[in-house]
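Biologist: Could you walk me through this one slowly? I'd like to follow how the pieces fit together.

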Amino acid sequence: MVRIALTGGIAAGKSTIAHRLAELGAVVVDADALAREAVEPGSEGLARVAEVFGPGVLGPDGALDRAALGAIVFADPARRRELEGITHPAVRRLAAERMAAAEAADPAAVVVYDVPLLAEAGPDHGFELVVVAHAPAPTRIERMVGLRGMDRAEAERRVASQASDDERLAIADVVIDTGGTLDATLEQVERLWERVRGRS
């Protein structure tokens, strides 16, 4: 099995890359989806989040109010670290389970772990290949404002809360430039796939 980490800043185009790799045959494990699973209603993770951040982060239905929680953690690095202390261990456990299942189903599988915060997690990631989706911070801010309708100040705050472009590029084995056209991005993904299949 070949294990690839796919990372990049918010609005850098990771989802586009992951989607294309899945079409080509990769097994994609999405850290954001696992993070949502870790705080589903009734989960230990959600109970802990409500305990630490207060009942205001829960909606009327008892589910997590992501906007309310985001307003807290993106404005305060210490609070964000508290949240990560709750969710990250659960996400790591779930990711390990998904990767083990992929390997059991196909020992020659190519598993892509779509993980936004790899640069923040430190160097001991254990992947054969680190792929960074890269678009400059101003481009990503414009995408969040124009495509997602996010307030500009909030978009800037979210970008600033993550690792810098330089920190992400420093851990890259492969950089996919997502600052251009969609076709240009997909061409780079195709080349990556050819390289990976050649080594698996």
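Biologist: Which residues of helix 4 and helix 5 meet each other?
Modeller: Keeping in mind that this is a predicted model, L69, I72 and V73 on the helix 4 side are in contact with P77, R79, R80 and L83 on the helix 5 side. Sorted by class, the residues of this contact are five nonpolar, no polar and two charged.

Biologist: And at what angle do helix 4 and helix 5 pack?
Modeller: The angle is about 125°, and the axes of helix 4 (residues 66-73) and helix 5 lie 7 Å apart. Angles from 115 to 145 degrees count as oblique, and helix 4 and helix 5 are therefore oblique to each other.

Biologist: OK, which strands does helix 5 lie across?
Modeller: Helix 5, which spans residues 77-105, lies across strand 1, strand 2 and strand 3, and its direction is at about 165° to strand 3. Helix 2 (residues 31-38) lies across strand 2 and strand 3, running at about 50° to strand 2.

Biologist: Let's turn to the sheet, then. What order do the strands have?
Modeller: The sheet is open and has five strands in the order 2-3-1-4-5, with parallel pairing. Strand 2 (27-30) and strand 5 (174-177) are at the edges with a single partner strand each, so one side of each has no neighbour in the sheet. From one strand to the next, the twist averages 25°.

Biologist: How many bridges join strand 1 to strand 3?
Modeller: There are five bridges between strand 1 (residues 2-8) and strand 3 (residues 110-114), and these two strands run parallel. To take one residue, L6 has D114 of strand 3 as its bridge partner.

Biologist: Changing topic, how do helix 7 and helix 8 pack?
Modeller: Helix 7 (residues 137-146) packs against helix 8 (residues 152-161) at an angle of about 135°, with 9 Å between their axes, which means that helix 7 is oblique to helix 8. Their crossing is right-handed. Helix 7 contributes A137, R140, I141, E142, M144 and V145 to the contact, while helix 8 contributes R152, A155, E156 and V159. By class, that contact has six nonpolar, no polar and four charged residues.

Biologist: Last one: is T185 buried or exposed?
Modeller: T185, which lies in helix 10 (residues 182-199), has a relative accessible area of 5%, so T185 counts as buried, the cut-off being under 20%. Leaving aside residues up to four places away in sequence, T185 touches I17, I176, D177 and T178.

Methods:
Residues numbered from 1 in each chain as written. Predicted model: local features only at pLDDT ≥ 70, side-chain atom pairs only at ≥ 80, totals over all residues. Heavy atoms only, no water. Helix = DSSP H or I, 4+ residues; strand = E, 2+ residues; numbered from the N terminus. Buried < 20%, exposed > 50% of the residue type's maximum accessible area, 1.4 Å probe, protein only. Contact = heavy atoms within 4.5 Å. Axes fitted to C-alpha atoms, helices over the stretch in contact; angles between N-to-C directions. Parallel < 35°, antiparallel > 145°, perpendicular 65-115°, else oblique. Left-handed = near helix turned anticlockwise from the far one by under 90°. Nonpolar A, V, L, I, M, F, W, Y, C, P; charged D, E, K, R; others polar. Pairing = 2+ DSSP bridges.
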